[in-house]
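Hi,

Here is the structure I said I would pass on. Have a look at it first, and then read my notes below.

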Amino acid sequence: MNLSLSTASGTDSRSATVTVAGELDFMTTNTLVDYVSELITTQALDDLRLDCAALTFCDSAGLSGLLNIHRQTAPAGIKLHLDHRPPHLERLLDITGILDFLTATPDRSGE
């Protein structure tokens, strides 16, 4: 149960990067989802970047958490980016076929 999260604002105030370090599993996924939920409700964002370079593990619960984050960002018009994906995450996203879904440009026609 090892997860560390930190946030850096982008060069403009409409983007943020959350560094996700450690294990994303059943015990830690809610921490990430809650962290991102708080971030997107308190900041007006166009882009949310999850920097996964230091992610050491991701299981099906972690993948479910990423889908949950997408369910929050897409309706808000926030583009989700999964940056610096380690091979184990890349493989999981490839096997499930959801990378394009998670990182698709949100429909902002309702704005």
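What follows is a walk through the model, from the whole chain down to a few single residues.

Before anything else, please keep in mind that this is a predicted model.

**The chain as a whole**

The protein chain has four helices and five strands. Reading from the N terminus, the order of elements is β-β-α-β-β-α-β-α-α. The radius of gyration is 13 Å, close to the 13 Å that the globule rule gives for 111 residues, so the chain is as compact as a globular protein of that length. If you put a box around the C-alpha atoms along the principal axes, you get roughly 35 × 25 × 20 Å.

As for burial, 42% of the 111 residues count as buried. The chain exposes about 6,000 Å², and carbon and sulfur atoms supply 51% of that area. Take the contacts between residues at least 6 apart in sequence: 69% of them join residues at least 24 apart.

**The strands**

Start with β1 (residues 3-9) and β2 (residues 15-24), which pair in the antiparallel sense over seven bridges. One pair to click on is L3 and G22, since G22 in β2 is the bridge partner of L3.

From β2 you can step across to β3: the two run parallel and are joined by five bridges. Here A16 stands opposite L48 in β3. Strand β3 (residues 47-51) also pairs with β5, in the parallel sense and over five bridges. On that side, D51 stands opposite D83 in β5.

Which way do the side chains of β5 go, and are they buried or exposed? K79, H81 and D83 point one way, L80 and L82 point the other way, and all are buried. That fits the count for β5 (residues 79-83), where five of the five residues are buried. Do have a look at K79, H81 and D83 on screen, as these are the residues that share one direction.

**Helix α1 and L39**

L39 sits in helix α1 (residues 29-42). With a relative accessible area of 7%, L39 is buried, the cut-off being under 20%. What does L39 touch, apart from residues up to four places away in sequence? The list is T7, A16, V18, L45 and L48. Two of those names came up above, as A16 is the residue opposite L48 in β3. For a sense of distance, L39 and D94 are 55 residues apart in sequence and 28 Å apart in space, C-alpha to C-alpha.

**Helix α2**

Helix α2 (residues 60-73) has 14 residues and reaches 20 Å from its first C-alpha to its last, close to the 20 Å expected at 1.5 Å a residue. At its start, a side-chain oxygen of D59 comes to within 3.0 Å of the backbone nitrogen of A61.

The buried residues of α2 are A61, G62, L63, G65, L66, I69, H70 and T73. When you look at how they are spaced, remember that an α-helix has 3.6 residues a turn, so residues three or four places apart point the same way.

R71 is also in α2, but R71 is exposed, with a relative accessible area of 53%. R71 and L102 are 31 residues apart in sequence, yet their C-alpha atoms are 9.0 Å apart in space.

**The loop after β5, and α3**

H84 lies in the loop between β5 and α3 (87-96). Its phi is near 50°, a positive value in a residue other than glycine. Most residues other than glycine have a negative phi. H84 is exposed, at a relative accessible area of 55%.

Further along, H88 lies in α3. At 31% relative accessibility, H88 counts as partly exposed. Leaving aside neighbours within four places in sequence, H88 is in contact with L55, T56, F57 and C58. V36 is 52 residues away from H88 in sequence and 22 Å away in space, C-alpha to C-alpha.

Those are my notes; shout if you would like to go through them together.

Cheers

Methods:
Residues numbered from 1 in each chain as written. Predicted model: local features only at pLDDT ≥ 70, side-chain atom pairs only at ≥ 80, totals over all residues. Heavy atoms only, no water. Expected span 1.5 Å × (residues − 1). Buried < 20%, exposed > 50% of the residue type's maximum accessible area, 1.4 Å probe, protein only. Polar contact = N/O pair within 3.5 Å; in protein donor to acceptor, adjacent residues only side chain to side chain. Pairing = 2+ DSSP bridges. Rg over C-alpha atoms; globule rule 2.2 N^0.38 Å. Contact = heavy atoms within 4.5 Å. Areas by Shrake-Rupley, 256 points an atom, 1.4 Å probe, with all protein chains shown as cover.
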